[in-house]
Amino acid sequence: MSLKRLNIRGISYSQTQNGAYALVLKEVGGDRQLPIVIGAFEAQSIAIALEKEISPPRPLTHDLFKTFAERYDILVKQVIIHKLVDGVFYSSLICERDKIEEIIDARTSDAIALAVRFKAPVFTYENILEEAGIQQQITPDKKLEAVDVDDEDELIDDLIKESGATDYSKYGIKELNEMLEDAVNNENYELAARLRDEISKR
(Lines give C-alpha, C1' and ligand atoms only; values in the text may rest on other atoms or scores of the structure.)
Protein backbone atom coordinates (compact mmCIF):
# COMPACT_ATOMS: atom_id res chain seq x y z
CA MET A 1 0.00 0.00 0.00
CA SER A 2 1.32 3.42 -0.94
CA LEU A 3 1.84 6.11 1.66
CA LYS A 4 0.50 9.61 1.10
CA ARG A 5 2.02 12.59 2.87
CA LEU A 6 -0.29 14.97 4.72
CA ASN A 7 0.09 18.57 5.83
CA ILE A 8 -1.91 20.21 8.60
CA ARG A 9 -4.58 22.39 7.02
CA GLY A 10 -5.73 23.75 10.36
CA ILE A 11 -7.85 23.30 13.45
CA SER A 12 -11.30 24.67 13.96
CA TYR A 13 -14.04 24.50 16.55
CA SER A 14 -17.50 23.37 15.55
CA GLN A 15 -20.16 25.92 16.45
CA THR A 16 -22.98 23.38 16.14
CA GLN A 17 -21.49 20.28 17.76
CA ASN A 18 -20.47 20.82 21.38
CA GLY A 19 -16.84 20.18 22.22
CA ALA A 20 -15.90 19.02 18.72
CA TYR A 21 -12.63 20.24 17.25
CA ALA A 22 -11.63 19.22 13.75
CA LEU A 23 -8.00 18.70 12.84
CA VAL A 24 -7.96 18.87 9.05
CA LEU A 25 -5.06 17.23 7.23
CA LYS A 26 -4.55 17.85 3.51
CA GLU A 27 -3.02 15.48 1.01
CA VAL A 28 0.25 16.78 -0.46
CA GLY A 29 -0.14 17.09 -4.21
CA GLY A 30 -3.88 16.42 -4.09
CA ASP A 31 -7.23 17.88 -3.11
CA ARG A 32 -8.39 15.33 -0.55
CA GLN A 33 -8.62 16.32 3.09
CA LEU A 34 -8.77 14.09 6.13
CA PRO A 35 -10.85 15.49 9.02
CA ILE A 36 -10.05 14.03 12.44
CA VAL A 37 -12.16 14.92 15.47
CA ILE A 38 -9.97 15.58 18.51
CA GLY A 39 -10.37 16.75 22.09
CA ALA A 40 -10.00 20.30 23.37
CA PHE A 41 -6.66 19.70 25.15
CA GLU A 42 -5.08 18.08 22.10
CA ALA A 43 -6.45 20.83 19.82
CA GLN A 44 -4.90 23.46 22.08
CA SER A 45 -1.57 21.64 22.18
CA ILE A 46 -1.38 21.36 18.39
CA ALA A 47 -2.47 24.97 17.88
CA ILE A 48 0.17 26.25 20.30
CA ALA A 49 2.89 24.24 18.53
CA LEU A 50 1.80 25.62 15.15
CA GLU A 51 1.65 29.21 16.37
CA LYS A 52 5.32 30.14 16.71
CA GLU A 53 4.59 33.34 18.63
CA ILE A 54 2.80 31.56 21.50
CA SER A 55 4.96 30.12 24.25
CA PRO A 56 3.23 28.66 27.32
CA PRO A 57 4.82 29.65 30.65
CA ARG A 58 5.19 25.99 31.64
CA PRO A 59 5.75 22.99 29.36
CA LEU A 60 2.66 21.18 28.11
CA THR A 61 2.58 17.37 28.20
CA HIS A 62 3.74 17.11 24.58
CA ASP A 63 6.53 19.62 25.22
CA LEU A 64 7.65 17.51 28.17
CA PHE A 65 7.67 14.39 25.99
CA LYS A 66 9.83 16.17 23.41
CA THR A 67 12.32 17.38 26.03
CA PHE A 68 12.46 13.90 27.57
CA ALA A 69 12.99 12.28 24.16
CA GLU A 70 15.73 14.72 23.16
CA ARG A 71 17.51 14.28 26.51
CA TYR A 72 17.79 10.56 25.78
CA ASP A 73 18.55 10.98 22.07
CA ILE A 74 15.21 9.66 20.84
CA LEU A 75 14.06 11.13 17.55
CA VAL A 76 10.49 11.00 16.22
CA LYS A 77 11.13 10.50 12.51
CA GLN A 78 7.57 10.29 11.19
CA VAL A 79 3.95 9.58 12.02
CA ILE A 80 1.83 7.09 10.11
CA ILE A 81 -1.97 7.02 10.39
CA HIS A 82 -2.26 3.34 9.61
CA LYS A 83 -5.79 2.22 10.45
CA LEU A 84 -9.38 3.45 10.56
CA VAL A 85 -11.94 1.45 12.56
CA ASP A 86 -15.49 2.70 13.29
CA GLY A 87 -14.48 6.31 12.69
CA VAL A 88 -11.40 6.09 14.95
CA PHE A 89 -7.95 6.69 13.43
CA TYR A 90 -4.98 4.67 14.73
CA SER A 91 -1.44 6.00 14.43
CA SER A 92 2.15 5.01 15.02
CA LEU A 93 5.21 7.05 15.93
CA ILE A 94 8.32 5.90 14.06
CA CYS A 95 11.17 6.65 16.47
CA GLU A 96 14.92 6.15 16.31
CA ARG A 97 17.60 5.84 18.97
CA ASP A 98 21.18 4.69 18.37
CA LYS A 99 20.21 3.89 14.76
CA ILE A 100 17.56 1.42 16.00
CA GLU A 101 14.04 2.11 14.82
CA GLU A 102 11.03 1.52 17.05
CA ILE A 103 7.31 1.74 16.28
CA ILE A 104 5.15 3.14 19.09
CA ASP A 105 1.35 3.07 19.10
CA ALA A 106 -0.22 6.48 19.78
CA ARG A 107 -3.52 8.32 19.63
CA THR A 108 -3.62 10.27 16.38
CA SER A 109 -4.07 13.61 18.15
CA ASP A 110 -1.02 12.97 20.35
CA ALA A 111 1.00 11.73 17.38
CA ILE A 112 0.24 14.91 15.40
CA ALA A 113 1.05 17.12 18.42
CA LEU A 114 4.47 15.44 18.62
CA ALA A 115 5.01 15.49 14.84
CA VAL A 116 4.61 19.27 14.83
CA ARG A 117 7.15 19.63 17.65
CA PHE A 118 9.68 17.29 16.03
CA LYS A 119 9.00 18.69 12.54
CA ALA A 120 8.29 15.11 11.51
CA PRO A 121 6.26 14.30 8.37
CA VAL A 122 2.79 12.74 8.66
CA PHE A 123 1.64 9.97 6.32
CA THR A 124 -1.40 7.81 5.77
CA TYR A 125 -2.28 5.01 3.38
CA GLU A 126 -4.16 5.49 0.13
CA ASN A 127 -7.00 3.23 1.28
CA ILE A 128 -7.62 5.44 4.34
CA LEU A 129 -7.75 8.55 2.17
CA GLU A 130 -10.12 6.73 -0.18
CA GLU A 131 -12.40 5.76 2.71
CA ALA A 132 -12.35 8.90 4.87
CA GLY A 133 -10.87 11.63 2.68
CA ILE A 134 -13.16 14.45 1.60
CA GLN A 135 -12.75 16.27 -1.68
CA GLN A 136 -12.88 19.96 -0.82
CA GLN A 137 -11.78 23.11 -2.55
CA ILE A 138 -10.51 25.46 0.17
CA THR A 139 -8.44 28.56 -0.44
CA PRO A 140 -5.01 27.88 1.07
CA ASP A 141 -3.89 29.93 4.06
CA LYS A 142 -1.20 32.52 3.55
CA LYS A 143 0.92 30.55 5.99
CA LEU A 144 0.63 27.30 7.91
CA GLU A 145 -1.06 27.97 11.22
CA ALA A 146 -4.06 27.00 13.28
CA VAL A 147 -7.26 28.46 11.87
CA ASP A 148 -10.55 29.30 13.47
CA VAL A 149 -12.26 31.52 10.95
CA ASP A 150 -16.00 32.25 11.16
CA ASP A 151 -16.68 31.75 7.47
CA GLU A 152 -15.22 28.24 7.65
CA ASP A 153 -17.56 27.08 10.45
CA GLU A 154 -20.06 25.57 8.05
CA LEU A 155 -17.34 23.73 6.19
CA ILE A 156 -15.80 22.38 9.40
CA ASP A 157 -19.22 21.22 10.62
CA ASP A 158 -19.68 19.35 7.33
CA LEU A 159 -16.23 17.78 7.66
CA ILE A 160 -17.01 16.62 11.20
CA LYS A 161 -20.36 15.19 10.18
CA GLU A 162 -18.90 13.41 7.16
CA SER A 163 -16.11 11.98 9.31
CA GLY A 164 -18.73 10.08 11.31
CA ALA A 165 -18.34 12.06 14.53
CA THR A 166 -21.23 11.85 16.96
CA ASP A 167 -23.06 14.86 18.33
CA TYR A 168 -23.07 14.14 22.08
CA SER A 169 -25.26 17.10 23.04
CA LYS A 170 -28.38 14.91 22.88
CA TYR A 171 -27.08 12.55 25.59
CA GLY A 172 -27.51 13.05 29.34
CA ILE A 173 -24.64 13.04 31.86
CA LYS A 174 -25.47 9.51 33.02
CA GLU A 175 -25.42 8.18 29.47
CA LEU A 176 -22.16 9.99 28.73
CA ASN A 177 -20.50 8.52 31.83
CA GLU A 178 -21.64 5.02 30.84
CA MET A 179 -20.30 5.57 27.32
CA LEU A 180 -17.02 6.86 28.77
CA GLU A 181 -16.65 3.77 30.97
CA ASP A 182 -17.30 1.50 27.97
CA ALA A 183 -14.81 3.42 25.84
CA VAL A 184 -12.08 3.09 28.48
CA ASN A 185 -12.81 -0.62 28.99
CA ASN A 186 -12.54 -1.14 25.23
CA GLU A 187 -9.33 0.95 25.12
CA ASN A 188 -10.97 3.39 22.67
CA TYR A 189 -9.14 6.39 24.06
CA GLU A 190 -9.96 8.75 21.19
CA LEU A 191 -13.67 8.31 21.93
CA ALA A 192 -13.00 8.51 25.68
CA ALA A 193 -11.25 11.88 25.20
CA ARG A 194 -14.22 13.29 23.27
CA LEU A 195 -16.67 12.04 25.90
CA ARG A 196 -14.49 13.47 28.68
CA ASP A 197 -14.50 16.87 26.99
CA GLU A 198 -18.29 16.81 26.61
CA ILE A 199 -18.77 15.86 30.30
CA SER A 200 -16.34 18.59 31.39
CA LYS A 201 -18.28 21.20 29.43
CA ARG A 202 -21.49 20.23 31.21
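Me: What makes helix α3 count as mostly covered?

Reply: In this predicted model, 10 of the 11 residues of helix α3, residues 108-118, are buried. Buried means under 20% relative accessible area.

Me: Which residues of α3 are the buried ones?

Reply: They are Thr108, Ser109, Ala111, Ile112, Ala113, Leu114, Ala115, Val116, Arg117 and Phe118. Just after α3 comes lysine 119, with a positive phi of about 55°.

Me: Why is arginine 32 called buried?

Reply: Its relative accessibility is 13%. The cut-off for buried is under 20%. The value falls below that limit, so arginine 32 counts as buried.

Me: What about glutamate 27, buried or exposed?

Reply: Glutamate 27 has a relative accessible area of 8%. That is under 20%, so glutamate 27 is buried.

Me: How do you know that arginine 32 and glutamate 27 form a salt bridge?

Reply: Look at the N to O distance between their side chains: 2.8 Å. A salt bridge needs a side-chain nitrogen of Lys or Arg within 4 Å of a carboxyl oxygen of Asp or Glu. The distance fits the limit, so the pair qualifies.

Me: What makes arginine 32 and glutamate 126 a salt bridge?

Reply: Their closest N and O atoms are 2.9 Å apart. The limit is 4 Å, so this pair qualifies. The pair links distant parts of the chain. Arginine 32 is in strand β3 (residues 32-38), and glutamate 126 is in helix α4 (residues 126-132). They stand 94 residues apart.

Me: Which residues are linked in a network of salt bridges?

Reply: Lys4, Glu27, Arg32, Glu126 and Glu130. The whole structure holds 11 salt bridges.

Me: How do you know that lysine 77 forms a salt bridge with glutamate 96?

Reply: The closest N and O atoms of lysine 77 and glutamate 96 are 3.4 Å apart. That is within 4 Å, so the salt bridge counts. This pair also links distant parts of the chain: lysine 77 is in strand β4 (residues 75-85), glutamate 96 in strand β5 (residues 88-97). The two are 19 residues apart.

Me: Why is lysine 77 called partly exposed?

Reply: Lysine 77 has 33% relative accessibility. Under 20% is buried and over 50% is exposed. The value lies in between, so lysine 77 is partly exposed. Glutamate 96, at 26%, is partly exposed by that rule too.

Me: Why is the pair of phenylalanine 68 and tyrosine 72 called tilted?

Reply: The structure holds 1 aromatic pair. The ring centres of phenylalanine 68 and tyrosine 72 lie 5.1 Å apart, with the planes at 45°. Centres within 6.5 Å make a pair. Planes under 30 degrees apart are stacked, and over 60 they are edge-to-face. An angle of 45° is neither, so the pair is tilted. Tyrosine 72 is partly exposed, at 45% relative accessible area.

Me: What sets aspartate 73 apart, although it is not a glycine?

Reply: Aspartate 73 has a positive phi of about 55°. Its place is in the loop between α2 (61-71) and β4.

Me: Why is aspartate 73 called exposed?

Reply: Its relative accessible area is 58%. Exposed means over 50%, so aspartate 73 passes the cut-off.

Me: And where is aspartate 86 found?

Reply: In the loop between β4 and β5. Aspartate 86 is not a glycine, yet its phi is positive, about 50°. Its relative accessible area is 78%. That is over 50%, so aspartate 86 is exposed.

Me: Which residues form the negative surface patch?

Reply: Glu175, Glu178, Glu181 and Asp182 form it. Asp and Glu count as negative, so the patch is negative. Aspartate 182 is in helix α6 (residues 173-185). A patch residue needs over 30% relative accessible area. Aspartate 182 has 45%, so it passes, and it counts as partly exposed.

Me: What makes alanine 47 partly exposed?

Reply: Alanine 47 has 22% relative accessibility. That is not under 20% and not over 50%, so partly exposed is the right label. Alanine 47 is in helix α1 (residues 40-50).

Notes:
Residues numbered from 1 in each chain as written. Predicted model: local features only at pLDDT ≥ 70, side-chain atom pairs only at ≥ 80, totals over all residues. Heavy atoms only, no water. Patch = residues over 30% accessible without salt bridge, like charges linked within 9 Å, V, L, I, M, F, W, Y side chains within 5 Å. Areas by Shrake-Rupley, 256 points an atom, 1.4 Å probe, with all protein chains shown as cover. Charge placed at Lys NZ, Arg CZ, Asp CG, Glu CD. Helix = DSSP H or I, 4+ residues; strand = E, 2+ residues; numbered from the N terminus. Buried < 20%, exposed > 50% of the residue type's maximum accessible area, 1.4 Å probe, protein only. Phe/Tyr/Trp six-rings, centres within 6.5 Å; stacked < 30°, edge-to-face > 60°.
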